[in-house]
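Biologist: Please take one strand of this model and go through it closely, then work outwards to whatever surrounds it. Keep it relaxed, but give me the cut-offs as you go.

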Number of protein chains: 2
Amino acid sequence: MEMFRKLITFDEAQQVIQRHFKPKPLGVEEIPLLEANDRVLAEDITATLDIPPFNRSTVDGYAVKAEDTFGAEENKPIKLKVCGTVNVGEPPKIKVTWGTAAEIVTGAPIPEGADVVLMVEHTVRKNDVVYVYNAVAKDENVMKAGADIQKGETVLKTGQQLYSREIGVLAALGLAKVRVYAVPRVAVFSTGAEIVEPGGKLPRGKIYDINAYSLSTAVLESGGKPLYLGVFPDDMAKLQETLKHALASADMVITSGGVSVGPKDVMPQTLNSLGKPGVIVCGIATKPGKPTTVALIDGKPVFSLPGHPTSALLIFHLLVRPIIQSMAGRKVENTLKVKVFTAMRMFPAKGRRTFIMVKLKRDKLNRLIAEPVPVGLSGAITTLAKADGFVEIAESQQFIDAEEEITVNLFRKV
Amino acid sequence: MEMFRKLITFDEAQQVIQRHFKPKPLGVEEIPLLEANDRVLAEDITATLDIPPFNRSTVDGYAVKAEDTFGAEENKPIKLKVCGTVNVGEPPKIKVTWGTAAEIVTGAPIPEGADVVLMVEHTVRKNDVVYVYNAVAKDENVMKAGADIQKGETVLKTGQQLYSREIGVLAALGLAKVRVYAVPRVAVFSTGAEIVEPGGKLPRGKIYDINAYSLSTAVLESGGKPLYLGVFPDDMAKLQETLKHALASADMVITSGGVSVGPKDVMPQTLNSLGKPGVIVCGIATKPGKPTTVALIDGKPVFSLPGHPTSALLIFHLLVRPIIQSMAGRKVENTLKVKVFTAMRMFPAKGRRTFIMVKLKRDKLNRLIAEPVPVGLSGAITTLAKADGFVEIAESQQFIDAEEEITVNLFRKV
């Protein structure tokens, strides 16, 4: 039980986790393109056709042979005989021979024999004769087959996140389905005899659960699929059963509560009873987040986060979110950072990596300043709601001075 | 048919739309809190209970009367008799009277009679007697009822978008359901005889649809629910039928194609046949986007966007997205903007508000520069995929010079 006493640094905790668990995409699934928004491509996309698939007219007018227009002038027009019409959406039924012109509309395929389209505005039509007043060069007003995308070209790569523009590109190639990475399933539950699920009446001495809700939503925001399991007492047999079920139905488990050093904290013992290697991190020298416990059971990570809602969500952001993103095949997004001034001096907890929740405000000079939001006794929920982000103070640092320029890691995207 | 000839400016088009249609949330629905991520709150949330609901101990130790510890010193401890235990999650079964102490754990309710908790580390226990070595002030290690949120306090307001932290706050208040604004339903279809849906074999002379896919996804990204209807020919009877169905099943309709000035462009006529006031904008002096048509039919807006995929998505961003956001009860988000240098001189189309698609690159000096991506003949899809954003050139402006500092509107969030 030696490991239960030792607090490792934040950096060491990250290294231990990385050594035991290399997060990678869990599988591939084929889904309808219309449902692929925000999913991650699991294949390189190579064009199997030219885009456009044929030479197209970009204007309304007449498809002709360019050489037939040579010598045409404003006062010496050349006459061409209209040999038929090419409609949009149909293969041309006619060929353009010397001295003839085919009526054509925007987007229609260029008929065989023609190599240019005269804009209707630049011609005059009389019965079945069209008058051409200026010479044109080959290919004018023609979008060539493959001009946009060439058959064989790789247009999107594995790992690309799909948004409206990428989905447009896939549609252009005729793909109604697409292969994307599976979404990691993350089981979430809270523990504690005093915790009850929201929705019912609150019995005396109890409080409503926060963490299973905020963490489930944070899983969703990170690209995972939360499996909300609810609230369970700190009872070893019940925890074993719940964890077994969670491990069987999900790719990762997140619990909160039950990991401080009180007599009822059975989580580490329970985790070690379920599989190898069991607990790999048991306590981290951070503030908040000290009781954070991490286990690996039969290849699946289990994060037991502190019961304090702000601490739980902070440690989620720091340690868990990047792993979910990697398992989802996403790029690990660094949090958005802003440079601001401190409103007051801030002290770290001695020997611990300290994260201070801050709210951003404007001072009298209209500068953005960071003001600490207390996490301590009160503020379990208000801290969570009020903080815009957090400031990190290294273990070795004495304090951050007032009016110092510092980096704030934002909780939310702009 | 006078209005079919007149091109109005971009600003006028915005004003006409605003005059005819004031976008606002469409309704309210109650949904489970676990499904409320990214939804918009449709009610002010007032706390119906104190958080925490009772005075709680923040440490493991002994609940006592503060006055009982007065005079305690390191070498002159005061003795208190342990009168029982208070468990977490249960109402206390005991009272603390003068000269007694109740064993208590973190999170448990403070029993009647006690007003302070002594940390277990600061005491010594011998059988049923606890030795106290220093005096403590009232309320130490006690989190008071309502310290976090007071009953009656308004904690979240109508219009607030819900993320993990807000959902945590709602859970804390015991709310398992929440009232949010309804998601606007937006019917999307493409028109054109040459367009076929992705997924099947491509007949000769046809191209795959892009717009219904990219626009459906853009609707989703804007907070709407797309209803994908597919592809229809430019046939008035068929368009009437499709538009009627779309208007009956959605709150807004977006079509693309069929709005340029070709002989087959029946969209404006069809729109005017369906209801009043019908077409309110028919062509805008922009490049691209000139054929953009906007109608209002029985109070529902219909946007007929250009067939060119990049133009369609650009006009969607400029005109349609803010309206969907407002109908969803969301804040209208300005596009993210970056200040960069131009890679080359850029010219507007004469007399038209011009939007030039640009790709951001780094130059030799490592400065971010904007390089135009051609939208014209080729590049229907590649432009869409390659552009990071667009530059706006006013109608009156002659050009943007090379090496000039300009603002780029980004298509995507960072």
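Modeller: I'll start with one strand, go on to its sheet and helices, and end with how the chains meet.

A word on the ground rules. This is a predicted model, so local features need pLDDT of at least 70 and side-chain atom pairs count only at pLDDT 80 or more, while totals for chains, interfaces and linings use all residues. Residues are numbered from 1 along each chain as its sequence is written, and chains are lettered from A and ligands numbered from 1 in the order in which they are written.

My pick is strand S17 of chain B, residues 252–256. (Helices, H or I with at least four residues, and strands, E with at least two, are DSSP runs numbered from the N terminus.) Five of its five residues are buried, where buried means that 20 or more other C-beta atoms lie within 10 Å of the residue's own, exposed means 12 or fewer, and partly exposed is in between, with C-beta atoms placed from the backbone. In a regular strand the side chains alternate between the two faces of the sheet. Here both faces are covered: B:Met252, B:Ile254 and B:Ser256 are buried on one side, and B:Val253 and B:Thr255 on the other.

Now for its partners (two strands pair if DSSP finds at least two bridges between them). S17(B) pairs in the parallel sense with strand S13 of chain B, residues 185–191, over five bridges. In that pairing, B:Val186 stands opposite B:Met252. Strand S21 of chain B, residues 300–305, also runs parallel to S17(B), joined to it by four bridges. There B:Ile254 has B:Phe303 as its bridge partner, and B:Thr255 has B:Ser304.

Step back and you see an open sheet of six strands with mixed pairing, in the order S16-S13-S17-S21-S20-S18 of chain B. Strands S16 (225–232) and S18 (277–282) of chain B stand at the edges, each with a single partner strand, so one side of each is left without a neighbour in the sheet. From one strand to the next, the twist averages 20°.

Two helices are worth a look here. Helix H4 of chain B, residues 236–249, packs on the sheet and touches S13, S16, S17, S20 and S21 of chain B, its direction making about 170° with that of S16(B). (Axes are lines fitted to C-alpha atoms, for helices over the stretch in contact, and angles run from 0 to 180 degrees between N-to-C directions.) Helix H1 of chain B, residues 10–20, lies across S18 and S20 (293–297) of chain B, at about 160° to S18(B).

For a loop, hop over to chain A. A:Gly299 sits between strands S20 (293–297) and S21 (300–305) of chain A. With 11 C-beta neighbours inside 10 Å, A:Gly299 counts as exposed. Its C-alpha atom is 9.8 Å from that of A:Leu247, a residue 52 places away along the chain.

Next, how the chains meet. 70 residues of chain A are in contact with 70 residues of chain B, contact meaning that the C-beta atoms, placed from the backbone, lie within 7 Å. The largest share of chain A's side, eight residues, comes from H2(A). That side divides into 41 nonpolar, 17 polar and 12 charged residues; Ala, Val, Leu, Ile, Met, Phe, Trp, Tyr, Cys and Pro count as nonpolar, Asp, Glu, Lys and Arg as charged, and the others, Gly among them, as polar. 100% of the interface residues of chain A are also interface residues in chain B, so the copies meet through the same surface.

A rotation of 180° with 0.0 Å of shift along its axis superposes chain A on chain B, with an RMSD of 0.0 Å. (The fit is by least squares on the C-alpha atoms of residues with pLDDT of at least 70 in both copies.) That is the relation of a two-fold axis.

Last, back in chain B, look at helix H2, residues 164–172: nine of its nine residues are buried, so the helix is largely enclosed by the rest of the structure. Among them are B:Arg165 and B:Glu166. After H2(B) comes B:Gly174, whose phi is positive, near 90°.
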